[in-house]
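Student: I have a chain to look at and I'd like to get my head round how it is put together. Can we go through it step by step?

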Amino acid sequence: MAGKGARAGSTRQRAHPEAPPRAEHRSAVTLRVNGEERTLTLDHRTTVLDTLREHLGLFGTKKGCDHGQCGSCTVLIDGRRANSCLLLAVAQDGARITTVEGLAAPGPGGETLHPVQQAFLDHDALQCGYCTPGQICSAVGMLGELAAGHPSLVTAPGSRPGLTAEEIRERMSGNLCRCGAYAHIVAAVQDAGRAPGDAAGRPDGDPRHLQDGATP
Ligand code: FES
Ligand code: FES
């Protein structure tokens, strides 16, 4: 058996005797991740999701469908929520990325959770927790969009959107929860949006990034 394997290996080697290093398929990419500048040399096919998880060791962002269908991989890019599994890292060169690990505010006595994180805990808005990082990042971005007055499908024409359960359900509809924790998620987002200090004004929920005609 060993001899057979060795023969197969040597056949492969002969078939590609001088395989090029394929440096032309890789580029240096600089991303500002959770406030820290990171420069990596990446294959052009590497997604932002795989960059975070496989190259930067940030496992908070989850891979669900890997096809833009579930929202588990939601992060904030330049203050706007995005499915990181659909974006190539090389196309995000220079972008500011916030993951769930970057939402809490550092302080002398330890970190203070982002109001949305705290509301998820207060409302028990999770079961297995797999969708939770994506739900939280999406909620932070959503509250920023709402504060900036961006309408949704359920906003009455000509009116300013409010923090209603209907608006939250519609705006969070891209984030699926296999455990069905939706009722508590809606309550948590509503609570965070009403919290003094304004959850939308915290890191990367800043509605200033959504003005000037930006599409949420
Ligand atoms: S893993 Fe990206 S949307 Fe499902
Ligand atoms: S809490 Fe389990 S998938 Fe949402």
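Tutor: Let's start with a word we'll need: a residue is buried if 20 or more other C-beta atoms lie within 10 Å of its own, exposed if 12 or fewer, and partly exposed in between. Keep in mind that this is a predicted model.

Student: Okay, so what share of the residues of the chain count as buried?

Tutor: The chain has 216 residues. Going by the cut-off of 20 or more C-beta atoms within 10 Å, the share that counts as buried is 38%.

Student: And in what order do the elements of the chain run from the N terminus on?

Tutor: The secondary structure comes to six helices and five strands. Reading from the N terminus, the order is α-β-β-α-β-β-β-α-α-α-α.

Student: What is the order of the strands in the sheet?

Tutor: It's an open sheet of five strands with mixed pairing. Strand E2 (36-43) and E4 are the edge strands, as each pairs on one side only. From one strand to the next, the twist averages 40°. Put together, the strand order is E2-E1-E5-E3-E4.

Student: Which residue in E4 stands opposite valine 75?

Tutor: Strand E3 (residues 74-77) and strand E4 (residues 80-83) pair over four bridges, in the antiparallel sense. They make a hairpin with two residues between them, and aspartate 78 in that turn has a positive phi of about 50°. Across from valine 75, then, you find alanine 82.

Student: What is the bridge partner of leucine 76 in E5?

Tutor: E3 and E5 run antiparallel, and two bridges join them. Leucine 76 has as its bridge partner in E5 threonine 98.

Student: Now the helices. Which class do H4 and H6 fall in: parallel, perpendicular or oblique to each other?

Tutor: Two packed helices are described by the angle between their axes and the distance between the axes. For helix H4 (residues 132-147) and H6, the axes come within 11 Å and cross at roughly 45°. An angle under 35 degrees would count as roughly parallel and 65 to 115 as roughly perpendicular. H4 and H6 fit neither range, so the pair is oblique.

Student: How many nonpolar residues are in the contact of H4 with H6?

Tutor: H4 passes H6 in a right-handed crossing. H4 brings Gln135, Ala139, Leu143 and Leu146, while H6 brings Ile185, Val189, Ala192 and Gly193. By class, two are polar and none is charged, and the number of nonpolar residues is six.

Student: How many charged residues does the contact of H3 with H6 have?

Tutor: The axes of helix H3 (residues 115-122) and helix H6 (residues 182-194) come within 8 Å and cross at roughly 135°, which makes H3 oblique to H6. Pro115, Val116, Ala119, Phe120 and Asp122 in H3 meet Ala188, Asp191 and Ala192 in H6. Sorted by class, that contact has six nonpolar residues and no polar ones, and the number of charged residues is two.

Student: At what angle does H4 run to E3?

Tutor: Here a helix meets the sheet: H4 lies across E3 and E4. Its angle to E3 is about 35°.

Student: Which strands do the buried residues of H2 pack against?

Tutor: In helix H2 (residues 48-55), Val48, Leu49, Asp50, Thr51 and Leu52 are buried. Glycine 57, with a positive phi near 70°, follows H2. The strands that the buried residues pack against are E2 and E5.

Student: Is glutamine 92 buried or exposed?

Tutor: Glutamine 92 is found in the loop between E4 and strand E5 (96-98). Leaving out residues up to four places away in sequence, glutamine 92 touches Leu31, Val48, Ile77 and Leu87. Glutamine 92 has 20 C-beta neighbours inside 10 Å, so it counts as buried.

Student: And aspartate 124: buried or exposed?

Tutor: Aspartate 124 lies in the loop between H3 and H4. It isn't a glycine, yet aspartate 124 has a positive phi of about 55°. With 11 other C-beta atoms within 10 Å, aspartate 124 is exposed.

Student: How does aspartate 66 count?

Tutor: Aspartate 66 sits in the loop between H2 and E3. Though not a glycine, aspartate 66 has a positive phi of about 65°. Aspartate 66 has 15 other C-beta atoms within 10 Å, so it is partly exposed.

Technical notes:
Residues are numbered from 1 along each chain as its sequence is written. Chains are lettered from A and ligands numbered from 1 in the order in which they are written. This is a predicted model: local features need pLDDT of at least 70, side-chain atom pairs count only at pLDDT 80 or more; totals for chains, interfaces and linings use all residues. Axes are lines fitted to C-alpha atoms, for helices over the stretch in contact, and angles run from 0 to 180 degrees between N-to-C directions. Angles under 35 degrees count as roughly parallel, over 145 as roughly antiparallel, 65 to 115 as roughly perpendicular and the rest as oblique. Two residues are in contact if their C-beta atoms, placed from the backbone, lie within 7 Å. Ala, Val, Leu, Ile, Met, Phe, Trp, Tyr, Cys and Pro count as nonpolar, Asp, Glu, Lys and Arg as charged, and the others, Gly among them, as polar. Two strands pair if DSSP finds at least two bridges between them. A crossing is left-handed if the near helix is turned anticlockwise from the far one by less than a right angle, and right-handed if clockwise.
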